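Biologist: Could you take me through the largest nonpolar core of this protein, piece by piece? I'd like to see what goes into it and what sits around it.

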Amino acid sequence: MPHTIVLMRLKDEKQNTWSQYTSESDAFDGVCRIFEARLKKENPGTRKITYDIKDLFSFIEEAPDMAFFFFFFFFFLSAGKSVTTHAWRAPGGTLGRLFLS
């Protein structure tokens with residue numbers, strides 16, 4: 001399971017925010033929770049709020065910036081000492097790698 005960081009700027013907001021999660025599915029659930037919090041903020045007097053998947057997709061599409069970064073951790077043994085490799089994949093498919101010993 002890759003460690004996931006979500007960077008986003010929501011519609012009508014001037015600041016970027018970020019969240020980190022321990023898995024991809026947690027990150028996608030986090031985006032849903034952010035959407036639900038936005039609905040509660042927009043409808044403060046409503047006790048029960050319902051929405052359709054199309055509403056969630058519209059929320060995501062209307063966000064000016066949203067990026068997911070997936071970090072994969074690999075461990076190797078090299079000449080008697082452990083080496084940790086951190087790899088990340090951006091949504092465009094680019095792969096980066098950082099070696100730490």
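Modeller: Sure! Keep in mind that this is a predicted model. The largest nonpolar core is a set of 12 residues: V6, M8, L10, Y21, A27, V31, F35, L39, L56, F59, F68 and F70. Where do they come from? At least two residues each are supplied by β1 (3-9), α1, α2 and β3 (65-78). The top contributor is α1, which puts in 4 residues.

To place those pieces, run along the chain from the N terminus: the order is β-β-α-α-β-β-β, so to speak a list of 2 helices and 5 strands.

Now zoom in on L10, one of the core residues. Leaving out residues up to four places away in sequence, L10 touches I34, R38, F59 and P64. Among these, F59 belongs to the core as well.

L10 also helps line the largest pocket, along with K11, D12, F35, R38, L39, E42, D55, S58, F59, E62 and A63. The elements giving two or more residues to that lining are α1 (24-42) and α2 (53-62). Sorted by class, the lining has 5 nonpolar, 1 polar and 6 charged residues. The space inside the pocket is about 170 Å³.

Stepping back to the whole chain, 28% of its 101 residues count as buried. Its accessible surface is about 7,500 Å², with 56% of that belonging to carbon and sulfur atoms. And for contacts with a separation of 6 or more, 33% are between residues 24 or more positions apart.

How values were computed: Residues numbered from 1 in each chain as written. Predicted model: local features only at pLDDT ≥ 70, side-chain atom pairs only at ≥ 80, totals over all residues. Heavy atoms only, no water. 1 Å grid on protein atoms, 1.4 Å probe; cavity = no way out; pocket = protein on both sides within 12 Å on 5 of 7 lines; lining within 4 Å. Points joined across faces, edges and corners; volume = space filled by probe spheres on them. Nonpolar A, V, L, I, M, F, W, Y, C, P; charged D, E, K, R; others polar. Core = buried A, V, L, I, M, F, W, Y, C linked by side-chain atoms within 4.5 Å. Buried < 20%, exposed > 50% of the residue type's maximum accessible area, 1.4 Å probe, protein only. Contact = heavy atoms within 4.5 Å. Areas by Shrake-Rupley, 256 points an atom, 1.4 Å probe, with all protein chains shown as cover.
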